[in-house]
Amino acid sequence: MEMHVDGFRFDLAPILTRACRSSALLCLWDSVHVYGNRLDGDLLTTGTPLSSPPVLDMISNDPLLQGMKLIAEAWDCGGLYQVGKFPHWGIWFEWNGKYRDIVRKFIKGTHGFSGAFAECLCGIPNLYQQGGRKPWNSINFICAHDGFTLADLVMYNQKHNLANGEDNKDGENHNNSWNCGQLAFVRHERVYPVKVSCMMLSGTINLDLPTTGKLKFSYWQYDVMNGKVCIFGN
């Protein structure tokens, strides 16, 4: 707090919920090393999700972190997807990947997403009600630092990560983007205001961090992944 830090975002946070049986590492994921007694993960194999992970318990109840914003990217590289189900102790926020996917599909014109899109505008309350949280525990975002920018979503059908020498093998393949046909640079003007309106209605903002820090809505990186624009909010 002395450094004026408002909170922390935990990348690939579900890894912190997985059981660990490595006594050699004395890891904080193992309850016996934290509490001195066995909990639900002690009969489970390494990597099994825990309902009350010790390390998250400590973070959530640390007096030095009281009042800090704790934000989880609620999926990890091992395929554990916990959006709406991340252990939260009533205080954690989540990056809402479901919001991102639903909004992208609706704007793209994918059939059957009008009802889900309406819920997105309300913060998808049903996703968090069961766990006692509110819609504001959802961090709504459409684009982030490691994918297409907002402009790229309406200009390209697929990624083209060729400049980095990885032969287009890196980066997310399922972007739910649409190039608006052959006249992309013209037709995207019809789709773009809808996305901006969606962001405003659900409290989502666009931060162009590496340049001016000002609000921007027209930044593109020619469908190259891992750019610098973050578009998020709650």
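1. Strands here are DSSP runs of E with at least two residues, numbered from the N terminus. With that in hand, Met3 belongs to the segment before strand S1, which covers 7-10. Keep in mind that we are looking at a predicted model.

2. The overall layout, then. I count on seven helices and six strands in the protein chain. Read from the N terminus, their order is β-α-α-β-β-α-α-α-β-α-α-β-β. The chain has 234 residues, and 42% of them count as buried. Its accessible surface is about 12,900 Å², with 58% of that belonging to carbon and sulfur atoms. As for contacts between residues at least 6 apart in sequence, 64% of them join residues at least 24 apart.

3. Back to Met3. Is Met3 buried or exposed? It counts as exposed, because its relative accessibility is 73% and the cut-off for exposed is over 50%. Met3 also has company on the surface: together with Val5 and Phe8 it forms a nonpolar patch, and the three share about 310 Å² of accessible area.

4. Now the rings. How many aromatic pairs does the count come to? The count gives five. One of them is Phe10 with Trp92, where the ring centres are 5.1 Å apart and the planes meet at 55 degrees, so this pair is tilted. Phe10 sits in strand S1, while Trp92 sits in strand S3 (residues 92-95), so the pair ties together parts 82 residues apart in sequence. Trp92 has a relative accessible area of 0%, so it is buried.

5. Another tilted pair is Trp95 with Phe141, at 4.6 Å centre to centre and 45 degrees between the planes. This one, too, links distant parts of the chain: Trp95 is in strand S3 and Phe141 is in strand S4 (residues 138-143), 46 residues apart. Both Trp95 and Phe141 are buried. If you want to look beyond single pairs, Phe10, Phe86 and Trp92 make up one aromatic cluster.

6. Arg9 deserves a stop of its own. Which ring does the charged end of Arg9 sit over? The ring is that of Trp95, with the charged end 4.0 Å from the ring centre. Arg9 also meets Asp11 side chain to side chain in a salt bridge, 3.1 Å from N to O. Neither end is fully covered: Arg9 has a relative accessible area of 31%, so it is partly exposed, and Asp11, at 44%, is partly exposed as well.

7. On salt bridges in general, a search of the whole structure turns up five. One is between Asp76 and Arg18, at 2.8 Å from N to O. Asp76 is in the loop between strand S2 (69-72) and S3, and Arg18 is in the loop between S1 and helix H1 (31-34), so the pair ties together parts 58 residues apart in sequence. Are these two residues buried or exposed? Asp76 is buried, and Arg18 is buried too.

8. Asp101 and Arg100 form another salt bridge, at 2.9 Å from N to O. Asp101 is partly exposed, because its relative accessible area of 25% lies between the 20% and 50% cut-offs. Shared partners also create a network: salt bridges join Arg9, Asp11 and Glu73 into one.

9. Gln82 is another residue to click on, in the loop between S2 and S3. Despite that loop position, Gln82 counts as buried, at 8% relative accessibility. What is Gln82 in contact with, once its neighbours within four places in sequence are left aside? The list is Pro14, Thr17, Pro49, Ala74, Pro87 and Glu94. For Thr17 there is also a backbone value: the C-alpha atoms of Gln82 and Thr17 are 10.0 Å apart, with their positions 65 residues apart along the chain.

10. Last, Ala151, which is located in helix H6 (residues 150-153). Its relative accessibility is 1%, so Ala151 counts as buried. If you draw a C-alpha to C-alpha line from Ala151 to Lys195, it spans 10.0 Å, for two residues that are 44 residues apart along the chain.

Terms used. Residues numbered from 1 in each chain as written. Predicted model: local features only at pLDDT ≥ 70, side-chain atom pairs only at ≥ 80, totals over all residues. Heavy atoms only, no water. Patch = residues over 30% accessible without salt bridge, like charges linked within 9 Å, V, L, I, M, F, W, Y side chains within 5 Å. Areas by Shrake-Rupley, 256 points an atom, 1.4 Å probe, with all protein chains shown as cover. Salt bridge = Lys/Arg side-chain N within 4 Å of Asp/Glu carboxyl O. Helix = DSSP H or I, 4+ residues; strand = E, 2+ residues; numbered from the N terminus. Buried < 20%, exposed > 50% of the residue type's maximum accessible area, 1.4 Å probe, protein only. Phe/Tyr/Trp six-rings, centres within 6.5 Å; stacked < 30°, edge-to-face > 60°. Lys NZ or Arg CZ within 6 Å of the ring centre and 35° of its normal. Contact = heavy atoms within 4.5 Å.
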